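Morning, everyone. Please pull up the sequence and the structure, and I'll walk you through a few backbone details and one sheet.

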Amino acid sequence: MNLTEAIKAAGVVGAGGAGFPTHVKLNAKAECLIVNAAECEPLIETDKYLCRTCAPQIIQAVLAVKEHLGANRAVIALKGKYAQEISALDKAIREAAAPVEIFQMGTFYPAGDEQTMVQQVTGRSVPERGLPLDVGCVVDNVGTMLNIYDALAGRPVVEKYLSVVGEVKEPIMLRVPVGTPVEDCVRAAEPQIADYALVIGGPMMGKQLTDADAIRNAVVTKTTGNIVVLPRDHYLFRRAATPLETIRHQTRSACIQCRMCTDLCPRYLIGHAMHPHLIMRNLWREQEVADSAEYGRIFGEAANCCDCGVCEMFACPMQLSPRMVNQYVKRQLREKGIQVPRNSQPQARAEVDQRHTPTDRLVSRLGLSAYYGLHAHECRTLVPDEVFLPFSQHIGKPAQAVRQQGDTVEQGDVLAQAAEGLSANIHASISGVITEITEKGARIRGRKE
Ligand code: SF4
Ligand code: SF4
């Protein structure tokens, strides 16, 4: 079995983002492999933990992927302030005499955005709506590297490391089977308030769960790296709940056209056509623009927005919401079938290194200062009585069930096979009996040992 076959068999998908199937991403040749360990969202602890504790395995996987890609550079990019993590990686690199570089980034958001990272490491800007591969790079998360290491040893993705932070006794690291109820993870961290809501992922781009049913039904997937526990009335939840009509009204009456949203936009800084202040300037007449060509000319740049949220959570002095406006406009562009032209050779702007958003100031704006600077040190293993494994934990088509209700399975058995095209295998994360299986996923009740 070659590297991509082993990765496909193990069901490896991007561990730090949307879950792009890794065997498809690595079906390529590239000049530079970049391993993303920047963990740019505030409060998350997982990548740091993996760098400290699994550095030798990470380096072995980096070497295997570098060789597979035919890359002449392999770089692990993380924040320069992560001294312990850099020291652990350095030691593993020296012991393996591995040709792997460490690239130290500043403490800014979004250092871990893959297009920002490619620009910082190589000086090249990824084309608008393009991929790192367009400029000779493959970017993979450090957690994905660890899963690749396991895949090469024949072990599928059945467990996940994640941190639980925020309104908890103290931040903790957990190692849990994929499919573990999120509520079990929160309980393990001892929440300090009864009425909480959650962010799955980081506070800037993570998925908010405010509804009791949504929280009860949520499970850890292959892409879950962090859970933030916050009071239900926290600023982050109130802000995200602002209706579009209110945003329209606020924009019309309060946008002062200062262009801070544009000047600090990470996509603008790497040279993309992205001027949110112009979209905000024209929002008042958005519903009156009937001609598609004109709509595309005025609002098309929204297609280049990566939803990072710097504009609305940090840059705007009037607390307006360019990101949510762009999300709305992107839906309109899709529904109207408007194709937006793209610049395939953007050049980073001269001020790219001067206009980074400092993480500590961002944390303060987000109302998260009370939780910043607290770290999870030890990792606990949690094994629930029951898991639910969704068959769509990745970008692309859901995997297709190959087992039936009542089947007895062992940890690591294939439950659902990757569909044709973009998809990924799903494996049993605990040993036990399948009590439910549909096209959506499978529930396993664990065997009492
Ligand atoms: S969310 Fe705002 S800052 Fe981020 S890419 Fe979009 S417009 Fe730029
Ligand atoms: S930063 Fe806010 S006030 Fe300034 S142009 Fe952008 S949306 Fe308008």
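Pro 110 sits in the loop between β4 (108-109) and α6 (114-122). Look at the bond leading into that proline. From Tyr 109 to Pro 110 the peptide bond is cis, with omega near 0 degrees. Keep in mind that this is a predicted model.

Most peptide bonds are trans, and most residues other than glycine have a negative phi. Which brings me to phi. Leu 43 is not a glycine, yet its phi is positive, about 80 degrees. You'll find Leu 43 in the loop between β1 (32-36) and α3. Is Leu 43 buried or exposed? Leu 43 is buried, because its relative accessible area is 8% and the cut-off for buried is under 20%.

Arg 259 also has a positive phi, about 65 degrees, and is not a glycine either. Arg 259 belongs to the loop between α11 (244-254) and α12 (260-263). Its relative accessibility is 29%, so Arg 259 counts as partly exposed.

Now the sheet. It is open, has 6 strands, and mixes its pairing. The order is β9-β8-β10-β6-β7-β12. At the edges are β9 (207-209) and β12 (379-381), each pairing on one side only. On average, neighbouring strands are turned by 25 degrees against each other, direction ignored.

Zoom in on the β12 edge. β7, residues 172-177, pairs with β12 in the parallel sense, over 3 bridges. Met 173 stands opposite Cys 379 in β12.

Last item: what lies across β6 (159-166), β7 and β12? That is helix α3, residues 46-53, running at about 125 degrees to β6.

Definitions and conventions: Residues numbered from 1 in each chain as written. Chains lettered and ligands numbered in written order. Predicted model: local features only at pLDDT ≥ 70, side-chain atom pairs only at ≥ 80, totals over all residues. Heavy atoms only, no water. Pairing = 2+ DSSP bridges. Helix = DSSP H or I, 4+ residues; strand = E, 2+ residues; numbered from the N terminus. Axes fitted to C-alpha atoms, helices over the stretch in contact; angles between N-to-C directions. Contact = heavy atoms within 4.5 Å. Buried < 20%, exposed > 50% of the residue type's maximum accessible area, 1.4 Å probe, protein only.
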